[in-house]
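Visitor: I am new to this structure. Could you show it to me and take me through it?

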Amino acid sequence: VTLLRINKSTSGYATNYEGNTGSNACGMYDGTADAFGDWAFTAIGGDKFDDGYGCGKCYQVKCTGAYGTNVDCSCDTSKSLTIQALDQCPECDDSHFDFNTDVMVYFTGSSSMAGTCGIIAIEYEQVDCDISENFRVVNKGGTSRWWYGMP
């Protein structure tokens, strides 16, 4: 039996934010972001966030160019990157990712160009998280045998 992989890439767009590492909606930064170099993460919204069940999911992302008519924006269309969803973007729909600034810089080549672009067009696909390092589960203060929380 030969299995054929069908490309499930979807078109979308990405903005960037500073990354809410101290108190994000997923409460996972201290646990898994270090497995992605402490920089390859994103916020998601809409059905992707799924009331928090989308936290921790990974996406293979590729920049396909400027979003809209911004002729001054450029990105490296040969690069792809696996990023992990570690925060919620309340204003994002299913096709909108809000990258950590370092992810935007990875695709655009500089913080100056990331600012010039503001928004980039992307293709993305949900993939397995290939975490080869140990990660930590951190208990939230007040955790007891009756209640468990993650910061």
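Guide: The following conversation goes from the overall layout to disulfides, cores and single residues.

Guide: This is a predicted model, in which local features need pLDDT of at least 70 and side-chain atom pairs count only at pLDDT 80 or more, while totals for chains, interfaces and linings use all residues. Residues are numbered from 1 along each chain as its sequence is written, and side-chain values use heavy atoms, with hydrogens and water left out.

Visitor: How many helices and strands does the chain have?

Guide: There are four helices and six strands. Both are DSSP runs numbered from the N terminus: helices are H or I with at least four residues, and strands are E with at least two. Read from the N terminus, the order of elements is β-α-β-α-β-β-β-α-α-β.

Visitor: And how much of the chain is buried?

Guide: Of the 151 residues, 40% are buried. Buried means under 20% relative accessible area, exposed means over 50%, and partly exposed lies in between, with a 1.4 Å probe and protein chains only. The chain exposes about 8700 Å², and carbon and sulfur atoms supply 47% of that area. Accessible areas come from the Shrake-Rupley method with a 1.4 Å probe, and for residues only the protein chains shown count as cover.

Visitor: What share of the contacts join residues at least 24 apart?

Guide: The share is 77%, taken among contacts between residues at least 6 apart in sequence. Contact here means heavy atoms within 4.5 Å.

Visitor: Turning to disulfides, how many does the structure hold?

Guide: It holds five disulfides, a disulfide being a pair of cysteine sulfur atoms within 2.5 Å. With bonded cysteines counted along the chain, the pattern is 1-2, 3-10, 4-6, 5-9, 7-8.

Visitor: Which cysteine is joined to Cys26?

Guide: Cys26 is joined to Cys55, with an S to S distance of 2.0 Å. The pair links distant parts of the chain, 29 residues apart: Cys26 is in the loop between β1 (10–17) and α1 (29–32), and Cys55 is in the loop between α2 (46–49) and β3 (58–66). The torsion about the S-S bond of Cys26 and Cys55 is about -75 degrees, so this disulfide is left-handed. Cys26 and Cys55 are both buried.

Visitor: Is the link of Cys58 and Cys129 left-handed or right-handed?

Guide: The link of Cys58 and Cys129 is right-handed, with 110 degrees about the S-S bond. Cys58 lies in strand β3 and Cys129 in the segment after β6 (120–127), so the pair ties together parts that are 71 residues apart in sequence. The sulfur atoms of Cys58 and Cys129 are 2.0 Å apart. Cys58 counts as buried at 1% relative accessibility, whereas Cys129 is partly exposed at 29%.

Visitor: Where are Cys63 and Cys75?

Guide: Cys63 and Cys75 form a disulfide with sulfur atoms 1.9 Å apart. Cys63 is in strand β3 and Cys75 in the loop between β3 and β4 (80–88), so to speak of sequence, 12 residues apart. Both Cys63 and Cys75 are buried.Visitor: What about the nonpolar core? Which residues have the most contacts inside the largest one?

Guide: They are Ile83, Phe97, Phe99 and Ile120, in a core of 25 residues. At least two residues of this core come from each of β3, β4, β5 (96–100), α3, α4 (111–117) and β6. A second, separate core has six residues, including Phe41, Ala43, Leu86 and Cys92. A nonpolar core is a set of buried Ala, Val, Leu, Ile, Met, Phe, Trp, Tyr and Cys residues joined through side-chain atoms within 4.5 Å.

Visitor: Why would such side chains gather?

Guide: In soluble globular proteins, nonpolar side chains tend to be buried together.

Visitor: Which residues does Ile83 touch?

Guide: Leaving aside residues up to four places away in sequence, Ile83 touches ten listed neighbours, among them Phe41, Cys58, Phe97, Phe99 and Val103.

Visitor: And Thr108, is it buried or exposed?

Guide: Thr108 counts as buried, because its relative accessibility is 10%. Thr108 belongs to helix α3 (residues 101–108), and its side chain reaches the backbone oxygen of Ser110 at 3.2 Å. Beyond residues up to four places away in sequence, Thr108 touches Ser74, Cys75, Met113, Ala114, Cys117 and Ile120.

Visitor: Last one: what does the side chain of Thr82 make a polar contact with?

Guide: The partner is the side chain of Gln60, at 2.6 Å. A polar contact is a pair of N or O atoms within 3.5 Å; within protein, one must be able to donate a hydrogen and the other to accept it, and residues adjacent in sequence count only if both atoms are side-chain atoms. Thr82 lies in strand β4 and counts as partly exposed at 25% relative accessibility.
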